[in-house]
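Let's take a walk through this fold together, helix by helix and then out into the loops. Have the coordinates open so that you can follow along.

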Amino acid sequence: MNSVRISARINGSAWSGDVEPRLLLSDFLRSEVGLTGTHVGCEHGVCGACTVQLDGEPVRACLMFAVQIDGHEVTTVEGLAAAAPGEAISVEQLHPVQRALHEAHGLQCGFCTPGILMTAEAFLRENPAPSREEIREAVSGHLCRCTGYHNIVEGVALAAERLAADGPGADRDGDR
């Protein structure tokens with residue numbers, strides 16, 4: 001099979017290379033780029049573990065081909081924290097949504113957490129003052145076998161409160 005040349009921005013850095021046309025985005029991110037925070041669960045787009053952002057919008061990486069990111073921006077869970085690639089991350093460098101889920105004990109095994117974080121971050125950009133019911137609806141596309149969702153909802157609500165207190169753009173322009 002012939003490879004296809006693509007160029008994209010991944011977590012703010014330019015990436016260019018050849019990929020097989022049928023290579024899934026989730027496999028590409030994990031095996032070709034080395035971003036293993038994108039988890040592969042069901043491989044059918046149902047569980048949400050593989051959720052990343054394409055041009056700021058959550059997408060299921062197991063349902064997309066890597067060639068589809070050509071000319072686009074991809075953000076993975078590794079791109080949320082304010083740290084250089086490969087750098088050890090301190091709690092202070094975590095994105096406010098990451099920090100809030102951690103503090104609210106919104107994770108246990110952590111397998112679903114990256115996808116939930118990617119959805120929650122995008123959701124809070126669109127809806128900065130959500131109700132608990134709106135948060136539940138926003139994360140309803142993610143399957144979590146460990147938490148029962150209560151602490152996930154509380155973590156997203158805590159992140160919303162903190163982001164609102166910090167002002168517009170704080171999560172992107174200095175708090176990361």
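What follows is a tour of the helix packing, the nonpolar cores and a few loop residues.

Please keep in mind that this is a predicted model. A good place to start is the largest nonpolar core, which has 23 residues. Those with the most contacts inside it are V97, I116, L117, L124, I135 and V156. Four helices, α2 (96-103), α3, α4 and α5 (150-166), each supply at least two residues of this core. Which helix gives the most to it? That is α5, with seven residues.

To see how one residue is set among these neighbours, select L124. Not counting residues up to four places away in sequence, L124 touches V97, P130, V156, A159, A160 and L163. Apart from this core lies another, of 19 residues, among them I6, L25, M64 and V74.

Now let's look at how the helices meet, with α3 as our guide. The axes of α2 and α3 come within 9 Å and cross at roughly 125 degrees. An angle from 115 to 145 degrees is classed as oblique, and α2 and α3 are therefore oblique to each other. Their crossing is right-handed. On the α2 side the contact is made by V97, Q98 and L101, and on the α3 side by T113, I116, L117, A120, E121 and L124. By class, the residues of this contact divide into six nonpolar, two polar and one charged.

Staying with α2 for a moment, is this helix enclosed or open? Six of its eight residues are buried, so α2 is largely enclosed by the rest of the structure. The buried residues are P96, V97, Q98, R99, A100 and L101. Just beyond, α2 is followed by H105, whose phi is positive, near 55 degrees.

Next comes the meeting of α3 (residues 113-126) with α4 (residues 132-139), whose axes come within 10 Å and cross at roughly 130 degrees. These two helices are therefore also oblique to each other, and the crossing is right-handed. Here α3 contributes I116, T119 and F123, while α4 contributes E134, I135, A138 and V139. The residues of this contact divide into five nonpolar, one polar and one charged.

The third meeting joins α3 to α5. Their axes come within 11 Å and cross at roughly 40 degrees; α3 and α5 are therefore oblique to each other. This crossing, too, is right-handed. The contact brings I116, A120 and L124 of α3 against I152, V156, A159, A160 and L163 of α5. What classes of residue make up this contact? It has eight nonpolar residues, no polar ones and no charged ones. It may help to recall that an α-helix has 3.6 residues a turn, so residues three or four places apart point the same way. With that in mind, look again at I116, A120 and L124 on the α3 side of the contact.

From the helices we can move to the loops. T76 lies in the loop between β5 (73-75) and α2. At 0% relative accessibility, T76 counts as buried, because the cut-off for that class is under 20%. Leaving aside its neighbours within four places in sequence, T76 is in contact with N11, L29, L35, T38, V52 and M118.

Another loop residue to visit is C50, found between α1 (25-32) and β3 (51-54). C50 is buried, with a relative accessible area of 3%. Beyond its neighbours within four places in sequence, C50 is in contact with T38, H39, V59, R60, A61 and C62. T38 thus appears in the contact lists of T76 and of C50. For a sense of scale, C50 and V91 are 41 residues apart in sequence and 23 Å apart in space, C-alpha to C-alpha.

Our last stop is the backbone. Most residues other than glycine have a negative phi. Against that background, E43 has a positive phi of about 65 degrees although it is not a glycine. E43 is found in the loop between α1 and β3. D55, also not a glycine, has a positive phi of about 55 degrees. D55 sits in the loop between β3 and β4 (57-60) and is partly exposed, with a relative accessible area of 44%.

Terms used. Residues numbered from 1 in each chain as written. Predicted model: local features only at pLDDT ≥ 70, side-chain atom pairs only at ≥ 80, totals over all residues. Heavy atoms only, no water. Axes fitted to C-alpha atoms, helices over the stretch in contact; angles between N-to-C directions. Parallel < 35°, antiparallel > 145°, perpendicular 65-115°, else oblique. Left-handed = near helix turned anticlockwise from the far one by under 90°. Contact = heavy atoms within 4.5 Å. Nonpolar A, V, L, I, M, F, W, Y, C, P; charged D, E, K, R; others polar. Core = buried A, V, L, I, M, F, W, Y, C linked by side-chain atoms within 4.5 Å. Buried < 20%, exposed > 50% of the residue type's maximum accessible area, 1.4 Å probe, protein only.
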